Amino acid sequence: MQSAVSSSRFSFDPTYAALALTTLLWSSNFVIGRAIRDDVSPSTLNFLRWAIALLILVPVTLRDLRAHRAALVRHWKLIALLGLTGIAAFQTLTYYALTKTTALNTILLLSLAPLLIVVLSWVALGERVTRSQVFGLVASLVGATVLILHGDITALVHLHFNDGDLWMLLAVLVWAVYSVLLKRRPAAVPPLALHTASVAAGTLSMLPFFGWQALEGSGLPNNVAAWLAIGFVAVFSSALAHGLWVRSVAAIGPNRAGVFIHLMPLFGGALAIVFLGEQLAAYHAIGAALILGRVVLTSRK
């Protein structure tokens, strides 16, 4: 009996390891995007990333895509919007922000996304906002302000902001819109099949601009390192990470899985410091503490 109790107490759930790996892979995307910013344009990087990921996702989800093709066609407008916001616009804006600011800043600013989702859900869907969520929103906004001002309050007088931080804020807003749209997804369609369809829509929307860049001679990276980086992001940070995320959410639910998003500042910050040589400043710690402090406030019942 004592052995059984000990075994149950220390049992290992692979779902949590899968979620931790997912956020680690998503964090690596920011670091890689920053590292190859001079080798490939943001729009080309995003197109190639999802085009390669789509080649992996389609065979995996082909049976579900065929089985639910009528529902997918019926909801083509929603799928197009999901592709345009979550696949095309968000990722391209993020990569563009990484050409202007550090990977550490972009990952920390991404922590604002859950609060923006709360606000948009309230405005667009009429979902109730609790007092804890309001306090969490204030804390996150203050944290983001500290990051954007780089801890210098006097910058408010001169209104001098880092362009990359502002582009990342726009990217986070787009991600919040995408997340709210996801709440309208057809329940009958498997999440990974819907994701594959939205990836196809997003990749298709980026194709004309990629083709124009290719004709201009600036469409593809010209070194092996950049191609290896794009391949890693496509296979691991895109196809594998999203697959793990969908399966994990199905196993333990979105609320418990969502908490793991807040591992990204930890993972991303460590990766940026180790591989990019970025410096951890006091305003990073203060901003992160304020933004991540909202987890406690907004997760309370």
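This is a short tour of the helices in a predicted model, and of where some of them meet.

Residues are numbered from 1 along each chain as its sequence is written. Because the model is predicted, local features need pLDDT of at least 70, side-chain atom pairs count only at pLDDT 80 or more, and totals for chains, interfaces and linings use all residues, while side-chain values use heavy atoms and leave out hydrogens and water.

Begin by selecting residues 42–67, which form helix α3, together with residues 76–97, which form helix α5; helices are DSSP runs (H or I, at least four residues), numbered from the N terminus. The axes of α3 and α5 come within 8 Å and cross at roughly 135°, where axes are lines fitted to C-alpha atoms over the stretch in contact, and angles run from 0 to 180 degrees between N-to-C directions. The two helices are therefore oblique to each other, a word for angles that are not under 35 degrees (roughly parallel), over 145 (roughly antiparallel) or 65 to 115 (roughly perpendicular). Now show the side chains at the contact (heavy atoms within 4.5 Å): P42, S43, L45, N46, R49 and W50 belong to α3, and I87, A88, Q91, T92, Y95 and Y96 to α5.

Next, select residues 14–35, helix α2, and add α6, which covers residues 103–110. Here the axes lie 9 Å apart and the packing angle is about 145°, and S27, F30, V31 and R34 of α2 meet A103, T106, I107 and L110 of α6.

Keep α6 in view and add helix α10, residues 163–182, which packs against α6 at an angle of about 35° with the axes 9 Å apart. On the α6 side look for N105, T106, L109 and L110, which meet D165, M168, L169 and V172 in α10.

Finally, move to helix α11, residues 191–215. Its 25 residues should span 36 Å at 1.5 Å a residue (1.5 Å times one less than the number of residues), and the end C-alpha atoms are 36 Å apart, which agrees. Stop at L207, where α11 has a kink of about 40° shortly before the proline P208; the bend is the angle between axes fitted to the seven residues ending at a residue and the seven starting there.
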